[in-house]
Amino acid sequence: MKLYHKFIQDVVSGKQVSNKYVILAVQRHVNDLEKSKSEEYPYVFDEEKADRVIRIISRLRHTGGSFANKLFDLQPFQAFIVASIFGWIRRDNGFRRFQKSYISTSKKSGKSEFMAALEIYMGFFDNEAGAQVYTCATKRSQADHVFRPAKQMLSNLMKESPKLKSIARV
């Protein structure tokens, strides 16, 4: 079972303890899957698009702590976030449904490395010509919590991928 399906199932069943916003996001996803069966509904969930992002992120390596140099192991809640952002597309043109997202998680949940992984995906693998990705914060030191892991992840990936090394520079 795909990680995001498991997360959805666990939230709906109550096995995964979640706050009201997570429950609402999961319920919206479930409701929208049902609505998308109708040709009139403007959005459709494309599992291949969601799975592609998850596959690419899974090739990245963690940069710090006890997970340093281990392959990125998306947690079910992270897979759900990725699937929600990248899997929902417009039926008429294939563009992403969600152009903006707000992600809030607790301390020590891996959000900096997760954001770094998303930045790498969007900067290099999203098939957007001239893609630009920014790390913003109220202080430079805070932005560095995402920027430094992104640089390291990209450097590590370039060592494993000659093709990426030919198009990227850190």
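**Notebook: a predicted model, from surface to helix H5**

I began with the surface: the protein exposes about 11,200 Å², and carbon and sulfur atoms supply 54% of it. I note that the model is predicted.

**Overall form.** I recorded a span of about 45 × 35 × 35 Å for the C-alpha trace along its principal axes. I then checked the radius of gyration: a compact globule of 170 residues would have a value near 15 Å, and the protein has 17 Å, which agrees. I found that buried residues make up 34% of the 170 residues. Of the contacts with a separation of 6 or more, 60% are between residues 24 or more positions apart.

**Charges.** I looked up 29 positive and 17 negative side chains. The centres of the two sets lie 9 Å apart.

**Elements.** I listed seven helices and two strands. From the N terminus on, I read their order as α-α-β-α-α-β-α-α-α.

**Helix H5.** I asked what span the 15 residues of helix H5 (residues 111–125) should have. At 1.5 Å a residue, I expected 21 Å; the end C-alpha atoms are 20 Å apart, which agrees. I next looked up which residues of H5 are buried, and found Glu113, Phe114, Ala116, Ala117, Leu118, Glu119, Ile120, Tyr121 and Phe125. These buried residues pack against helix H3 (47–57), helix H4 (76–87), helix H6 (140–160) and helix H7 (162–167). After H5 I came to asparagine 127, whose phi is positive, near 60 degrees.

**Serine 36.** I located serine 36 in the loop between helix H2 (20–35) and strand S1 (43–45). Is serine 36 buried or exposed? Its relative accessibility is 13%, and the cut-off for buried is under 20%, so I entered serine 36 as buried. Leaving out residues up to four places away in sequence, I found that serine 36 touches Tyr41, Tyr43, Val44, Trp88 and Arg91.

**Two further loop residues with positive phi.** I kept in mind that most residues other than glycine have a negative phi. Asparagine 69, in the loop between H3 and H4, has a positive phi near 70 degrees. I entered asparagine 69 as exposed because its relative accessibility is 51%, and exposed means over 50%. Lysine 108 is not a glycine either, and I noted its positive phi of about 60 degrees. I placed lysine 108 in the loop between strand S2 (88–90) and H5. At 85% relative accessibility, lysine 108 also counts as exposed.

Conventions
Residues are numbered from 1 along each chain as its sequence is written. This is a predicted model: local features need pLDDT of at least 70, side-chain atom pairs count only at pLDDT 80 or more; totals for chains, interfaces and linings use all residues. Side-chain values use heavy atoms; hydrogens and water are left out. Helices (H or I, at least four residues) and strands (E, at least two) are DSSP runs, numbered from the N terminus. The expected span of a helix is 1.5 Å times one less than its number of residues. Buried means under 20% relative accessible area, exposed over 50%, partly exposed in between (1.4 Å probe, protein chains only). Contact means heavy atoms within 4.5 Å. The radius of gyration is taken over C-alpha atoms; the globule rule is 2.2 Å times the number of residues to the power 0.38. Accessible areas come from the Shrake-Rupley method with a 1.4 Å probe; for residues, only the protein chains shown count as cover. Lys and Arg count as positive and Asp and Glu as negative; His and the chain ends are not counted. The place of a charge is taken as NZ of Lys, CZ of Arg, CG of Asp or CD of Glu.
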